[in-house]
Amino acid sequence: MYALFDDAGKFLAGRVMSETDTSAQVELDSGKRVKVKAANLLLKFEKPAPAELMAEGQRLAAEIDLDLAWEFAPEEEFGFADLARDYFDAGAGPAQQAAALFRLFEAPHYFRRAGKGQFKKAPEDIVKAALLGIERKKQLAAQIDAWADELIAGQCPPPVREQLYKILFKPDKNASEYKAVVEASRRAQRAPLDLLTTAGAIDSPYQFHWRRFLFENFPKGTGFPALQAPAIKDTLPLAPVQAFSIDDSATTEIDDALSVQGLGSGTVVFGVHIAAPGLAFAPDTPLDKLARDRLSTVYMPGYKLTMLPDDVVQTYTLLEGRNCPAVSLYVTFDEATLQVKATETKLEQVPIAANLRHDTLDQVITEATLTGAAPATYGFAADLAFAFRLANHLKAGREVVRGKPENFNRPDYNFRLDGNAGAEPQGHETVAISTRTRGSPLDLIVAEAMILANSTWGGWLNELGVPGIYRSQASMAPGVKVRMGTKAAPHAGMGVAQYTWATSPLRRYVDLVNQWQIIACARHGRTALLAAPFKPKDAALFSIISGFDEAYTAYNGFQNGIERYWTLKYLAQNDLHELDAAVMKDGLVRADTLPLVFKAIGAERLPRGARVRVRVTGTDLLTLDVQASVVSRLDDPGTTADDAVVDEADLEDVAAGPLTLAIDVQGDNAEESPAAASASSA
């Protein structure tokens, strides 16, 4: 006696060795014995042999016309043997009954399973809908196959081109376009990016990186709606100062300016003046919604996407020759000791006497001219000299709190594109990369003035119980990162008791939010909390922090990536094949004179800080990858005295690296191939 039985949805057949009312012992052709519940025994037969029954049943099942079987089937519940007798003939044997079972079981859109070998035919509308779905699936499978064929042949189907960035970086792995790329990559045994490039899906490496960024961060485009810059309704007093700003020549969003009063009197008032868009528009107004949607200006070589429309920026920027609305912090110092005597915040109009540009003045305004060791023949010489003296004093005080001095081991790099004149770059421009030593006198003056303002205002908000957005760092231990929150807390890296961002409201949204809070404090003093736009534990503040963190990280990542692109372009344009570098970790090296971190074969065996010469053997502008190897070691292996300085911050900040795709060709999450899908739905 043989039996056909259901084993968790899989049909098996074998010899019945023993049987009770509840179960049976069945021996399979392999010799394995299994215990089968009586409810799962579907068919008992004397012949043919189990293997023959299964083979003949599968053959006959493939010949059963489902539409005809559905017509034959009764309306009420029925068994597979009943259908076999109706479909084949009244004497349908075991093989034909098995065939009916197999066919019924694999066609749930025609027949619903109703228990042990029992079925019930589906309603006609359900069958029609299911058949349409199956036909649609066949058509999609055929479309995927056709698109894959085109890609392999070096042509990109328009739907794949349109979905390019979604396929590579935010894929819907059930989409036909994605499946076509995966299928083509598998069949051609080529990387997706290589395949798509050959097929013409990517116009140029630069446009690829730029459009990918826009796809991920500006899906609705980068344009602004037409909005007027609101006039400031407050009647603001005119400040009795002549303020000056210090920025790069390309800066149009001039957020901050400085002033000095009282030199030679024994008491000096140092002013930090911040552009005041927060006086013109409030939270939840149209301009606020624009700024909150963008959250920050996006910077890149030769171009930028401003947080606010340009005409709005130009209305509030601190442009020389104008009296500009500003939120001003005045700190009164003892001129001899630089001890702080008082601080005051005012809302006022500030005369901007000059916009100084450090890229044209760094070689003129030097430490020697600022300290009197060399003649100072430039404007604001006395003001700048005091500001430099104050900056050094403030920096020294912060370093005491930090526990160690601040080291500026690497320069800042400036990128200039020749031929784009401020227009959107196309990627073929000639790039010039220059360096500016971090911590130059003008840099130091501006940096310390902003730290003074941000820490002072942060303390003032905290004193008045008005929440703000703070940046804090619990310690300078490795791995302890800067956090953003709504409560004042020490910033170990800066060496201050608390630190906000409030000095760049034209280009960072958190600064604008903090400016609104500071304005409330300036207007209302001790009762500021009642008037401040944001209250303690305000959910909106936490939402802003979360959104800003995400956007700022994405924008910085893009800036690093596109600077890497231009650096690789610079190597090619200047025919550079060898670079001096410092070894970091895991085989990474950092170029001495370019903003470039990359892996070099041979570096993984060298100690951190070792200085080496590397040969660049290849670059890829699309993946941003660099192929290089160590040629020689430049320092003395017997001492560490001439090793390059590589601190913990260097290890965390390795800049942009090679491109990472989200497409998965090897994994099983790409589901089945179109051919398999087609076969399974037939």
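**How many bridges join strand E1 and strand E2, and in which sense do the two strands pair?**

This legend set describes a predicted model, in which local features need pLDDT of at least 70 and side-chain atom pairs count only at pLDDT 80 or more, while totals for chains, interfaces and linings use all residues. Residues are numbered from 1 along each chain as its sequence is written, and side-chain values use heavy atoms, with hydrogens and water left out.

**View 1. Strands E1, E2, E3 and E5 pair with one another.** Here is the reply to the opening question: strand E1 (residues 2-7) and strand E2 (residues 10-19) are antiparallel and share six bridges. Strands are DSSP runs of E with at least two residues, helices are runs of H or I with at least four, and both are numbered from the N terminus. Two strands count as a pair if DSSP finds at least two bridges between them. E1 and E2 make a hairpin with two residues between them, and Ala 8 in this turn has a positive phi of about 55°. To follow the pairing, start at Tyr 2, whose bridge partner in E2 is Arg 15. Next, find Ala 3, which stands opposite Gly 14 in E2. Tyr 2 also has a bridge partner in E5, namely Phe 45. Strand E5 (residues 41-45) runs antiparallel to E1, and four bridges join them. E2, in turn, is joined by four bridges to strand E3 (residues 23-27), again antiparallel. E2 and E3 form a hairpin with three residues between them, and Glu 19 stands opposite Ala 24 in E3.

**View 2. A three-stranded open sheet has the order E6-E8-E7.** The pairing in this sheet is antiparallel. Strand E6 (78-79) and strand E7 (111-113) are the edge strands, each pairing on one side only. E7 and strand E8 (residues 118-121) run antiparallel and are joined by three bridges. Look for Arg 112, which stands opposite Lys 120 in E8. Helix H4 (residues 94-105) packs on the sheet and touches E6, E7 and E8, and its direction makes about 55° with that of E8. Contact here means heavy atoms within 4.5 Å. Axes are lines fitted to C-alpha atoms, for helices over the stretch in contact, and angles run from 0 to 180 degrees between N-to-C directions.

**View 3. A five-stranded open sheet has the order E22-E21-E20-E23-E24.** Its pairing is antiparallel. Strand E22 (597-599) and strand E24 (625-633) stand at the edges with a single partner strand each, so one side of each has no neighbour in the sheet. Neighbouring strands are turned by 45° against each other on average, direction ignored. Eight bridges join strand E23 (residues 611-620) to E24, and the two run antiparallel. Thr 619 stands opposite Val 626 in E24.

**View 4. One cavity of 30 Å³ or more turns up in a search of the whole structure.** On a 1 Å grid over the protein atoms alone, a cavity is a set of points where a 1.4 Å probe fits but cannot get out; a pocket is an open set with protein on both sides within 12 Å along at least five of seven lines; and lining residues have an atom within 4 Å of a point. Grid points are joined across faces, edges and corners, and a volume is the space filled by probe spheres set on the points. The largest cavity holds about 30 Å³ of space. Its lining is made by Phe 270, Ala 387, Leu 390, Ala 391, Leu 394, Ile 445, Glu 448 and Ala 449. Helix H15 (381-402) and helix H16 (441-463) are the elements that give two or more residues to this lining, and H15 has the largest share, with four.

**View 5. The second largest pocket encloses about 490 Å³ of space.** It is lined by 19 residues, and Asn 217, Phe 218, Pro 219, Asp 293 and Arg 294 lie nearest its centre. Helix H10 (205-217), helix H11 (286-294) and helix H19 (539-573) each supply at least two residues of the lining. The largest share, five residues, comes from H19.
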